[in-house]
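Subject: Handing over a structure, with notes

Dear colleague,

Please find below the structure I promised to pass on to you. My notes on what I found in it follow directly after, and they are meant to be read with the structure open beside them.

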Amino acid sequence: MDLASIKEQICDVCHKMWQLGWVAANDGNVSALLEDGTVLATPTGMSKSFITPDKLLRLDRQGNVLEAAEGLRPSSEIKMHLRCYDKREDVKAVIHAHPPGATGFAVAHRPMDMYNMIEDVSVIGAVPLTPYGTPSTTEVPDAIEPYLEEHDVMLLENHGALAVGSDVVTAFYRMESLELWAKITINAIILGGSYDISRENIQKLIDLRGFYRVTGRHPGYKKFPRRETGEPDTK
């Protein structure tokens, strides 16, 4: 894909994120790794509804600005994006947002390791809750790094969500799936309970990834310790 098309894709995803209510004011950030090793990224301090191709920044892999419109600078959270590119050769796009349903799980300190939706079991798998990190520091990239090997989607404790992909649209789809899954689970809990698919059928769904040509990483069957008890929630 040529540079102009990637820029348009980033802007389209930014606008969709804002329209869906995943970001407000200057929340969230999107980046894409280009073939020459440089990174396109959204600027800090700007609503995603206002992002246009000329406002995107071009950075090197250390986060230094190579090209930018006057007065624009990258988000302090670009360190998180760069860590994803450094640790995963297959990752070419990163999206960080605050979708309300999924972020609710992050604020409640609950990973999304339920196996109640067929599509999400096979495509995303269990979503971990990464430890809290102070924005703009290396704490956030350090917190997500242990999970990058197996996961394409993560919850950031008291912060939001992160999705990676082979391109911007794939990362967006994963974030979109995460948020719908979170909303459905919340509704199920309100209605009396969220119930997992049987263990046998969970594995069958995971095994179908190859048949459906699903890309990215999958953790397999996994339950995560709860922050409060340190024990897996097996309900």
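The secondary structure of the protein comes to seven helices and eight strands, and please bear in mind throughout that this is a predicted model.

I begin with the overall form. A compact globule of 235 residues would have a radius of gyration near 18 Å, and the protein, with 17 Å, agrees with that expectation. Taken along the principal axes, the box that the C-alpha atoms fill is roughly 55 × 35 × 30 Å. Of the 235 residues, 49% are buried. If one takes the contacts between residues at least 6 apart in sequence, 65% of them join residues that are at least 24 apart.

Next come two helix pairs. Two packed helices are described by the angle between their axes and the distance between the axes, so I give both values for each pair.

The first pair I looked at is helix H1, which covers residues 3–19, and helix H6, which covers residues 168–190; they pack at an angle of about 15°, with their axes 10 Å apart. H1 and H6 are therefore roughly parallel to each other, since an angle under 35 degrees counts as such. The crossing in which H1 passes H6 is right-handed. On the H1 side the contact involves Gln9, Ile10, Val13, Lys16 and Met17, which meet Val168, Val169 and Phe172 of H6. Sorted by character, the residues of this contact between H1 and H6 are six nonpolar, one polar and one charged.

The other pair is helix H2 (residues 78–87) with helix H5 (residues 139–148), whose axes come within 9 Å and cross at roughly 30°. That angle makes H2 roughly parallel to H5, and H2 passes H5 in a right-handed crossing. H2 contributes Lys79, Met80, Arg83, Cys84 and Lys87 to the contact, while H5 contributes Val140, Pro141, Asp142, Ile144, Glu145 and Leu148. Here the residues of the contact divide into six nonpolar, no polar and five charged.

Helix H3 deserves a paragraph of its own. Its buried residues are Gly101, Ala102, Thr103, Phe105 and Ala106, and what covers them includes strand S6 (129–130), strand S7 (153–156), strand S8 (160–165) and H6. Threonine 103 is found in this helix, which spans residues 100–107, and because its relative accessible area is 12%, below the 20% cut-off, threonine 103 is buried. Leaving aside residues up to four places away in sequence, threonine 103 touches His98, His159 and Gly160. Just after H3, histidine 109 takes a positive phi of about 60°.

Finally, a residue in helix H1 that you may wish to look up is aspartate 12. Is aspartate 12 buried or exposed? With a relative accessibility of 40%, aspartate 12 counts as partly exposed, because that value lies between the limits of 20% and 50%. Aspartate 12 and isoleucine 51 are 39 residues apart in sequence, yet their C-alpha atoms lie 8.8 Å apart in space.

With kind regards

Terms used. Residues numbered from 1 in each chain as written. Predicted model: local features only at pLDDT ≥ 70, side-chain atom pairs only at ≥ 80, totals over all residues. Heavy atoms only, no water. Axes fitted to C-alpha atoms, helices over the stretch in contact; angles between N-to-C directions. Helix = DSSP H or I, 4+ residues; strand = E, 2+ residues; numbered from the N terminus. Parallel < 35°, antiparallel > 145°, perpendicular 65-115°, else oblique. Left-handed = near helix turned anticlockwise from the far one by under 90°. Contact = heavy atoms within 4.5 Å. Nonpolar A, V, L, I, M, F, W, Y, C, P; charged D, E, K, R; others polar. Rg over C-alpha atoms; globule rule 2.2 N^0.38 Å. Buried < 20%, exposed > 50% of the residue type's maximum accessible area, 1.4 Å probe, protein only.
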